[in-house]
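Grab a pencil and open the viewer. Here are a few short exercises, each with a solution worked out step by step.

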Amino acid sequence: ERRAQLKVTVLPWGNVWINGKDRGRAPVNVSLKPGKYTIGVGQGSPTKRREVRLKPGQEATEHFDLSR
């Protein structure tokens with residue numbers, strides 16, 4: 001099964017969690033199996049969350065703005 005590529009960006013800066021697992025400071029590029037994921041971003045702990053559904057071979061970018 002083809003994996004999906006997910007890029008997560010955060011302004012002005014922040015860390016990224018995918019399904020609760022710390023993935024480090026944004027920008028983050030990860031290769032994931034197709035499926036549904038919860039992306040969390042924040043400075044220290046997740047303060048904003050979003051669900052995404054990735055399809056096989058998809059290249060997705062999710063952008064978060066923590067300045068608002």
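**Exercise 1: the core**

Find the residues that touch the most other members of the largest nonpolar core, then find which strands build that core.

Step 1. Keep in mind that you're looking at a predicted model. Its largest nonpolar core has 18 residues, and those touching the most other members are L6, V16, I39, V41 and L54.

Step 2. Now go strand by strand: β1 (4-11), β2 (15-18), β4 (28-32), β5 (35-42), β6 (48-54) and β7 each give two or more residues to this core. The largest share, four residues, comes from β1.

Step 3. Zoom in on L6. Skipping residues up to four places away in sequence, L6 touches I18, V28, N29, V30, L32, I39, L54, A60 and E62.

**Exercise 2: the partners of β1**

Work out which way β1 runs relative to β4 and to β7, parallel or antiparallel.

Step 1. Start with β4: five bridges join it to β1, and the two strands run antiparallel. For an example, look at V8, which stands opposite V28 in β4.

Step 2. Move on to β7. This strand is joined to β1 by seven bridges, and here the pair runs parallel. One pair to look for is T9 with its bridge partner in β7, H63.

**Exercise 3: V41**

Decide whether V41 is buried or exposed, and list what V41 touches.

Step 1. Locate V41 in strand β5.

Step 2. The relative accessible area of V41 is 0%, so V41 counts as buried, because the cut-off for buried is under 20%.

Step 3. Leave out neighbours within four places in sequence, and V41 is in contact with V8, V10, N15, V16, W17, P46, T47, K48, F64 and L66.

Step 4. Try a distance too: V41 and E51 sit 10 residues apart in sequence, and their C-alpha atoms are 12 Å apart in space.

**Exercise 4: E62 and R50**

Is E62 buried or exposed, and which side chain does E62 join through a polar contact?

Step 1. E62 lies in strand β7, residues 59-65. With a relative accessible area of 17%, E62 is buried, since buried means under 20%.

Step 2. The side chains of E62 and R50 are joined by a polar contact of 2.8 Å. R50 is also on the list of residues E62 touches beyond four places in sequence, along with L6, K7, V8, T9, I39 and V52.

Step 3. Follow R50 onward: R50 lies over the face of F64, 3.9 Å from the ring centre.

Key. Residues numbered from 1 in each chain as written. Predicted model: local features only at pLDDT ≥ 70, side-chain atom pairs only at ≥ 80, totals over all residues. Heavy atoms only, no water. Buried < 20%, exposed > 50% of the residue type's maximum accessible area, 1.4 Å probe, protein only. Polar contact = N/O pair within 3.5 Å; in protein donor to acceptor, adjacent residues only side chain to side chain. Contact = heavy atoms within 4.5 Å. Lys NZ or Arg CZ within 6 Å of the ring centre and 35° of its normal. Core = buried A, V, L, I, M, F, W, Y, C linked by side-chain atoms within 4.5 Å. Pairing = 2+ DSSP bridges.
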